[in-house]
Amino acid sequence: MNELINVLNQDGNLVVSSREVARNFDKLHMHVMEAIRKLETSIENSIHLFIPSTYKDSYSREQKEYLLTRD
């Protein structure tokens with residue numbers, strides 16, 4: 001059975017975190033972040049696709065992540 005993806009509501013937009021993408025595709029989060037940064041530079045209006053965000057890691061440090069829209 002497939003695991004459910006944790007979808008969030010961010011200001012009325014449904015988004016999924018880059019950490020959730022990494023977890024579901026069995027990738028390292030740093031590799032997902034790198035791929036997003038590369039896409040950001042090549043896609044016009046990428047701010048609507050990749051929303052910069054942060055989260056607290058297990059050591060209570062603030063870490064970067066992206067929230068990805070359905071598009």
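How many aromatic pairs does the count come to? Zero, with ring centres required to lie within 6.5 Å of each other. Keep in mind as you click along that this is a predicted model.

**Stop 1: a charge over a ring.** Select Arg19 and Tyr55. The charged end of Arg19 sits over the Tyr55 ring, 3.8 Å from the ring's centre.

**Stop 2: the hairpin.** Now pick residues 8–10, which are strand S1, and residues 13–17, which are strand S2. The two strands run antiparallel and are joined by three bridges. Show Leu8 and you will find Val15 of S2 standing opposite. Together S1 and S2 make a hairpin with two residues between them. Zoom in on Asp11 in that turn: its phi is positive, at about 55 degrees.

**Stop 3: across to S4.** Keep S2 selected and add strand S4, residues 62–69. This pair is antiparallel as well, with three bridges joining S2 to S4. For one contact to look at, colour Ser17 and its bridge partner in S4, Leu67.

**Stop 4: two loops with unusual backbone angles.** Most residues other than glycine have a negative phi. Asp26 is not a glycine, yet its phi is positive, about 55 degrees. Look for Asp26 in the loop between helix H1 (18–24) and helix H2 (29–42). Turn on the surface here: Asp26 is exposed, with a relative accessible area of 72%.

Finish at Ser60, in the loop between strand S3 (50–56) and S4. Ser60 also has a positive phi, about 65 degrees, without being a glycine. Ser60 counts as exposed because its relative accessibility is 54%, and the cut-off for exposed is over 50%.

Notes:
Residues are numbered from 1 along each chain as its sequence is written. This is a predicted model: local features need pLDDT of at least 70, side-chain atom pairs count only at pLDDT 80 or more; totals for chains, interfaces and linings use all residues. Side-chain values use heavy atoms; hydrogens and water are left out. Rings of Phe, Tyr and Trp (its six-membered ring) pair if their centres lie within 6.5 Å; planes under 30 degrees apart count as stacked, over 60 as edge-to-face and the rest as tilted. A charge sits over a ring if NZ of Lys or CZ of Arg is within 6 Å of the ring centre and within 35 degrees of the ring normal. Two strands pair if DSSP finds at least two bridges between them. Helices (H or I, at least four residues) and strands (E, at least two) are DSSP runs, numbered from the N terminus. Buried means under 20% relative accessible area, exposed over 50%, partly exposed in between (1.4 Å probe, protein chains only).
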